[in-house]
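Please open the model in a viewer and keep the selection tool at hand. The stops below proceed from the whole chain to individual residues.

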Amino acid sequence: AEWEIIYDKLAKIVATGAKIVLSRLAIGDLATQYFADRGLFCAGRVPMDDLVRVGYACGGTVQTSVNNVPESALGTCGAFEEKQIGQERFNLFQDCPNAKTATIIIRGGAEQFMAEAERSLHDSIMIVRRAIKNPAVVGGGGAIEMELSKMLRDHSRTIFGKEQLVVQAYAKALEFIPRQVSENAGFDSTEILNKLRHKHAKGGTWFGVDIVNDGICDTYESFVWEPSLVKHNALMAATEAACMILSVDETVRNPRSGGQDQGAVAQGGAGAMMNSNLVRGAMGKKGPGQRAGRTFKGRGGA
């Protein structure tokens with residue numbers, strides 16, 4: 001009876017007309033051979049997230065039962081291929097009608113390289129996503145930081161009092177971005193910053209670090225852009241962090257409790273033991289950790 005139930009379920013799956021069967025649970029050897037004899041491909045232990053993504057891309061739906069499966073529950077794709085990449089096998093669904101996403105396979109010689117590539121891809125994708133939601137952009141390569149630094153320096157000269165020093169320090173901190181970009185590219189940061197200050201003083205608003213030609217260029221014309229919202233959030237976060245650190249006017253340090261008392265007790269105990277040994281030695285008794293005195297007799301019996 002058990003075999004009849006299994007074969008009945010397999011026959012119902014084949015009767016739906018499906019050519020590819022994916023399951024969240026394991027598929028045994030009997031079902032695999034049954035599907036292979038009838039020209040069906042099957043895969044088991046597929047994560048639920050992958051099942052939902054494949055169903056959405058192909059236009060199908062995940063079924064919880066093999067009974068009365070409608071034809072509309074089946075999805076379609078232009079081509080299906082099981083391909084081995086490296087030491088793993090991947091199922092590739094190509095030309096899906098509703099696919100709006102793609103899968104990127106990252107390979108590398110070490111886990112650190114793969115993790116670094118994944119972080120770089122994630123940052124790039126998130127920046128593009130942010131740019132699509134907020135299309136306002138500014139010039140990259142440290143151009144916007146140098147322009148803000150120039151404007152703050154000009155504004156600081158109109159301020160009387162200590163506030164002028166605060167504005168000048170903020171303007172100097174903004175120059176750290178182009179300096180770090182030039183150092184990461186292996187350039188002379190001092191020379192690059194001098195060129196940028198000269199250009200921005202003459203009205204070159206979007207001039208930034210050119211990492212390709214070892215110099216400076218108009219980053220806006222070179223299509224080196226950054227979302228303005230990202231820059232706004234970065235400046236806000238940095239300013240709030242600096243204000244929070246400057247608001248701390250005193251720190252309280254709590255020493256370890258019992259540290260000095262234990263040291264004093266240990267020192268006192270050692271002194272007491274030493275004094276006790278001295279007393280015992282004077283009385284002719286052997287104390288702990290001391291050897292008993294020896295007497296030698298001469299020939300005369302002394």
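The tour begins with the complete chain and then visits a helix, a buried loop residue, a hairpin and two exposed loop residues.

**The whole chain.** Select everything first, bearing in mind that this is a predicted model. The protein chain has 302 residues, and 19% of them count as buried. Colouring by secondary structure should display 10 helices and eight strands. The accessible surface amounts to about 22800 Å², with 56% of that area belonging to carbon and sulfur atoms. Among contacts with a separation of 6 or more, 45% join residues 24 or more positions apart.

**Helix 1.** Next, select residues 2–15, which form helix 1. What span should its 14 residues cover at 1.5 Å a residue? The expected value is 20 Å, and the end C-alpha atoms are 20 Å apart, so the two agree. Step just beyond helix 1 to Gly17, where phi is positive at about 90°.

**Glu175.** Move to the loop between helix 6 (163–174) and helix 7 (176–184), where Glu175 is located. Is Glu175 buried or exposed? Its relative accessible area is 5%, under the 20% cut-off, and therefore Glu175 is buried. To view its surroundings, display Met146, Ser149, Arg153, Leu193 and Arg197; Glu175 is in contact with these residues when its neighbours within four places in sequence are left aside.

**The hairpin.** Select residues 207–210 and 215–218, which are strand 6 and strand 7. The two strands pair in the antiparallel sense over four bridges. Phe207 can be found opposite Asp218 of strand 7. Four residues lie between the strands of this hairpin, in which Asp214 adopts a positive phi near 55°.

**Two loop residues with positive phi.** Most residues other than glycine have a negative phi. With that background, select Arg45, a residue other than glycine whose phi is positive, near 55°. Arg45 sits in the loop that connects strand 2 (41–43) and helix 3 (48–58). Its relative accessible area is 67%, over the 50% cut-off, so Arg45 is exposed.

The final selection is Phe223, in the loop between strand 7 and strand 8 (225–227). Although Phe223 is not a glycine, its phi is positive at about 65°. Why does Phe223 count as exposed? The reason is its relative accessibility of 65%, because exposed means over 50%.

Definitions and conventions
Residues numbered from 1 in each chain as written. Predicted model: local features only at pLDDT ≥ 70, side-chain atom pairs only at ≥ 80, totals over all residues. Heavy atoms only, no water. Buried < 20%, exposed > 50% of the residue type's maximum accessible area, 1.4 Å probe, protein only. Contact = heavy atoms within 4.5 Å. Pairing = 2+ DSSP bridges. Areas by Shrake-Rupley, 256 points an atom, 1.4 Å probe, with all protein chains shown as cover. Expected span 1.5 Å × (residues − 1).
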